[in-house]
Amino acid sequence: MPELPEVETVARELRTRIIGKEINQIEALWSRSFQNMCDVEIAGQKILEIGRRGKYLILKLTKTFLIIHLRMTGQVLYFEQQNQCDFDDYIRVVVLFSDDTCILFKDVRKFGRIYHVADPDDQIAHVGKDALDADYEYFSEYLSTSKMNIKAFLLSQKYISGVGNIYADEALFLSGLHPAVISNKIRGKKARFLFENILYVLNNSILNMGSTISDYRDPSGEKGKNQFYFNVYGRAGLPCTSCGTAIEKIRFAGRGTHFCPKCQKNK
DNA sequence: CCATGTACCTGAAGGC
DNA sequence: TGCCTTCAGGTACATG
């Protein structure tokens, strides 16, 4: 499911709810969903800060860290009372707090992970700078030296992180760039325009509390609203919002890729 | 370095 | 109804 705007929405909501809380117990109902990679006891630690890099949530505890990646269908759900939890067949990890509140990690497809680590870099050192922390100098440095097609470049998390399939397609549409354009051919004003459009689609989606295609929910169980504002994602066959041409969907860089064949001719 | 395929999982949707 | 295929907000890894 979730890309940067959805994970950011989760981070913001969690900050208002679980900062300062003491963990009583963490239990994995599907063992692979929770990877305990350090010896320090979790019970008794408090949640001190909640950060994010790309699509990773970073919970700083008193001594160690919990790193959460939602992958395709993960949800972090918050409940005020442990006996009112909405348990179903897809709850993979349970975190109980000492004040009787809790969070449940729900994940239909079991791809998501919660890692317990001594140092966040043990898990996310390979992840590039968060898209919202990157400036244009940083972005263009990588763009100008990459021979990848631009769709694959944006999907890779090693340059800037947080952009996934939805926001890559949306940013390329706004930039008038075909997904197959080679990254280092995008220069000058076009490169800057692309960078601005990436920030725009991400920030705009955050304002709309993220996009819900099917599974994404925030910690309160609410859907996002940004899916109502897509220009190309999920709009195959529908008219381009700019020129009216039917939006095309192709398989590209291993993913479903949506674009306007008229507005994004630029190869 | 770059592109592609596969694996990890489950459920929904479409074709027959 | 049921069976089969394809697809899904992601990423790691193996192979040309």
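Reader: How many Å separate a phosphate oxygen of DNA strand B from a polar backbone atom of Lys-147?
Author: This is a predicted model. Lys-147 is among the residues around DNA strand B. It meets the strand through a polar backbone atom, and the distance to a phosphate oxygen is 2.7 Å.

Reader: Which residue has a side-chain N or O atom 2.5 Å from a phosphate oxygen of DNA strand B?
Author: The surroundings of DNA strand B include Tyr-90, Phe-111 and Arg-32. At 2.5 Å from a phosphate oxygen lies a side-chain N or O atom, and it belongs to Arg-32.

Reader: Which residue places a backbone N or O atom 3.3 Å from a phosphate oxygen of DNA strand B?
Author: Ser-146, Lys-147, Met-148 and Asn-149 are among the residues around this strand. The backbone atom 3.3 Å from a phosphate oxygen comes from Asn-149.

Reader: What percentage of the atoms of DNA strand B within 4 Å of the protein belong to sugar or phosphate?
Author: The surface near the strand has four nonpolar, two polar and four charged residues. On the DNA side, count the atoms within 4 Å of the protein. Bases supply the rest, while the share of sugar or phosphate is 72%.

Reader: How is chain A divided, and how many Å apart are the C-alpha centres of domain 1 and domain 2?
Author: Domain 1 covers 4-124 and domain 2 covers 129-259. Between their C-alpha centres the distance is 27 Å.

Reader: How much area do domain 1 and domain 2 bury between them?
Author: On one side, 20 residues of domain 1 take part in the contact, and they meet 22 residues of domain 2. Carbon and sulfur atoms carry 59% of the buried area. In total the two domains bury about 1,700 Å².

Reader: Which three residues supply 30% of the area that domain 1 buries against domain 2?
Author: No other three residues of domain 1 supply more of this area. The trio is Leu-4, Pro-5 and Glu-6.

Reader: Which residues form the salt bridge across the interface of domain 1 and domain 2?
Author: The structure holds eight salt bridges. Across this interface the rule finds one. Its N to O distance is 2.4 Å, and the side chains that meet are those of Asp-130 and Arg-52.

Reader: Which element gives the most to the side of domain 1 that touches domain 2?
Author: The interface also has 12 residue pairs in polar contact. Helix H1 (4-18), strand S3 (47-53) and strand S6 (74-79) each supply at least two residues of domain 1's side. With 10 residues, the element that gives the most is H1.

Reader: How many charged residues are on that side of domain 1?
Author: Sort the side that touches domain 2 by class. Nonpolar residues number eight and polar ones four, while the charged residues number eight.

Reader: Which residue meets Glu-8 in a salt bridge?
Author: Glu-8 lies in helix H1, and so does its partner, four residues apart, about one turn of the helix. The N to O distance is 2.7 Å, and the partner is Arg-12.

How values were computed
Residues are numbered from 1 along each chain as its sequence is written. Chains are lettered from A and ligands numbered from 1 in the order in which they are written. This is a predicted model: local features need pLDDT of at least 70, side-chain atom pairs count only at pLDDT 80 or more; totals for chains, interfaces and linings use all residues. Side-chain values use heavy atoms; hydrogens and water are left out. Domain bounds come from an automatic or database domain assignment. Contact means heavy atoms within 4.5 Å. Buried area is the accessible area (1.4 Å probe) that two parts lose on being put together, summed over both. A salt bridge is a side-chain nitrogen of Lys or Arg within 4 Å of a carboxyl oxygen of Asp or Glu. A polar contact is a pair of N or O atoms within 3.5 Å; within protein, one must be able to donate a hydrogen and the other to accept it, and residues adjacent in sequence count only if both atoms are side-chain atoms. Ala, Val, Leu, Ile, Met, Phe, Trp, Tyr, Cys and Pro count as nonpolar, Asp, Glu, Lys and Arg as charged, and the others, Gly among them, as polar. A residue is near a molecule or strand if one of its heavy atoms lies within 4 Å of it.
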